[in-house]
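Trainee: I am new to this structure. Can we walk through it with short questions?

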Amino acid sequence: MMQVESSQAIAGIPIVHHVAPPLHLVPPQMPDWHGTATTETPIVIRHAVGPVDVTGLEPLFDIEPWMTYYADGAGGTAIRYHSVDAAIPERLLRTVRPGVEYDVSYAFAPEQPVERRGKEMSAYAIALAERRRGLMAHGSAFILPSGKAALCLGVSGAGKSTLARMMLERDDVRVLNDDRQALTREPDGFHVWSTPWPGSAGIANDGHAPLGVVMLIGRAATPVVRRRPAREVVRTLLTTLALPNWNDDALGDGLGLIDDLVASAPVVELAYPLGPGTSQWIVDQLMEIEER
Amino acid sequence: MSTEGTLYVRAPGFVARRVAGETLLVQTSARSLQPIQRSTDLLVLNATAEQLWNLLASPVSLEGMAQYLIQDFEVDPATARADAESFVVSMVDLGAVSPLNEVRES
């Protein structure tokens, strides 16, 4: 009997998993995550044991040792997750209906339950871009006292989770998530939405807010606000926003979203040492920049 | 390179888009859903390169590109030919532009 499991909606989009026995998936364990109201049709992911066949797929690139991305020749993408542990099967995620439906084939049924986080996060990021709703952002985020969100972008090791932990101790900000946000384009501008996929700090709280400021995380011996040329800012955005690289039209729209983003929200690099006054300095700077 | 009469055209897999006041040329396979693992190579096209890229939406020869530069950028023929050839060579090396016969064969 096929099992159907639903996640809470992320930025209004729920994810429904159809799991064919003997597969058994484990959802993300996020007690503080309850999702948003559903406003869009769900993303459906069908999981089943089956062949991991990449015939006809065009390899795009490898992310060693974890996965390989492909273009499927029909405007969609596919991801092959390599077996880095003998107990975990090779898997293949394929697009069935862009933005709506995806299949995941497992080379064999593992004895242990499989975490569904990886496939869920990938399918969501793909669908968000394919729906032209927005892009998945690799960054932490928190809501400032003004009610606007600060989106703090950075690659792994940049200090996103450290920043989120710092902000968690404050009463005047609300931390959304320390690693992944949905950045969407709404009628009134960009919004930042928390997701159930945290980083090393394990923070995944409910919430969303209009985007107030984009912060790039830097390092310096003394606190400094750096204005960076647009070209450098865009380069950083390209490495921290999940663009749909498998489809020319979708990629063009994604680049257009970045163009709108830098035109509508301040982007600033804050570089700072870690210390007792750091979080206050960051909040003060972001509030000042956002209010300008 | 031997270019006399050769027609060139954009190869698939590249997107040019104006972002933050600059025209970026991005390869579709150069981006990742897991950007932590990737560095991004992107090209910024100047005004001349942007216009030549636009011309290359349809097959065009070096002579055709040079003629365009002569008319719209008011450069002398030798400079226009050299600029067009330099641009096409760099784009062919990148894989963003192909001689038309190669596009037809691929």
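Trainee: Among contacts in chain A between residues at least 6 apart in sequence, what percentage join residues at least 24 apart?

Mentor: Keep in mind that this is a predicted model. Take the contacts in chain A between residues at least 6 apart in sequence. Those joining residues at least 24 apart come to 61%.

Trainee: How does the radius of gyration of chain A sit with the value for a compact globule?

Mentor: Chain A has 292 residues, and a compact globule of that length would have a radius of gyration near 19 Å. The C-alpha trace spans about 55 × 40 × 35 Å along its principal axes. The radius of gyration agrees with the globule value, because chain A has 19 Å.

Trainee: Where in chain A is confidence highest?

Mentor: Chain A averages a pLDDT of 92, and 100% of its residues score at least 70. Confidence is lowest in helix 3 (residues 230–240), at a mean of 82. It is highest, at 98, in strand 15 (residues 189–194) of chain A.

Trainee: Which residues of chain B have pLDDT under 50?

Mentor: Chain B has a mean pLDDT of 83, with 79% of its residues at 70 or more. For the stretch under 50, the model has 26 contacts beyond four places in sequence. That stretch of chain B is residues 31–39.

Trainee: What ipTM does the predictor give the complex?

Mentor: Two scores are given for the complex. The pTM is 0.89. The ipTM is 0.75.

Trainee: Which helix gives the largest share of the largest nonpolar core?

Mentor: That core has 108 residues. Those touching the most other members are A:Y124, A:L135, A:A150, A:L151, A:V192, A:M215 and B:A84. The largest share, eight residues, comes from helix 1 (residues 117–130) of chain A.

Trainee: Which residues is A:M215 in contact with, leaving aside neighbours within four places in sequence?

Mentor: A:M215 is one of the core residues that touch the most other members. Its contacts beyond four places include A:V268, A:L270 and A:L286. The others are A:A150, A:L151 and A:C152.

Trainee: Which helix is among the elements covering the buried residues of helix 2 of chain A?

Mentor: In helix 2 (residues 160–168), the buried residues are A:K160, A:S161, A:L163, A:A164, A:M166 and A:M167. Their cover includes strand 11 (134–143), strand 12 (149–153), strand 13 (174–177) and strand 16 (208–218). It also includes helix 5 (278–291) of chain A.

Trainee: Why does A:Q8 count as partly exposed?

Mentor: A:Q8 lies in the loop between strand 1 (3–6) and strand 2 (15–19) of chain A. Beyond four places in sequence, it touches A:P14, A:W33, A:H34 and A:G35. A residue needs 20 or more C-beta neighbours within 10 Å to be buried, and 12 or fewer to be exposed. A:Q8 is partly exposed because its count inside 10 Å is 16.

Trainee: Which are the edge strands in the open three-stranded sheet of chain B?

Mentor: The strand order is 5-1-6, with antiparallel pairing. Two bridges join strand 1 (residues 7–10) to strand 5, and B:Y8 has B:V60 as its bridge partner there. An edge strand pairs on one side only, as do strand 5 (60–61) and strand 6 (97–99) of chain B.

Trainee: Which residue in the turn between strand 2 and strand 3 of chain B has a positive phi?

Mentor: Six bridges join strand 2 (residues 14–19) to strand 3 (residues 22–27), running antiparallel. B:V19 has B:E22 as its bridge partner. The two strands form a hairpin with two residues between them. The one with a positive phi, about 50 degrees, is B:A20.

Terms used:
Residues are numbered from 1 along each chain as its sequence is written. Chains are lettered from A and ligands numbered from 1 in the order in which they are written. This is a predicted model: local features need pLDDT of at least 70, side-chain atom pairs count only at pLDDT 80 or more; totals for chains, interfaces and linings use all residues. pLDDT is the predictor's confidence in each residue, from 0 to 100. Two residues are in contact if their C-beta atoms, placed from the backbone, lie within 7 Å. Helices (H or I, at least four residues) and strands (E, at least two) are DSSP runs, numbered from the N terminus. A nonpolar core is a set of buried Ala, Val, Leu, Ile, Met, Phe, Trp, Tyr and Cys residues joined through C-beta atoms within 7 Å. Two strands pair if DSSP finds at least two bridges between them. The radius of gyration is taken over C-alpha atoms; the globule rule is 2.2 Å times the number of residues to the power 0.38.
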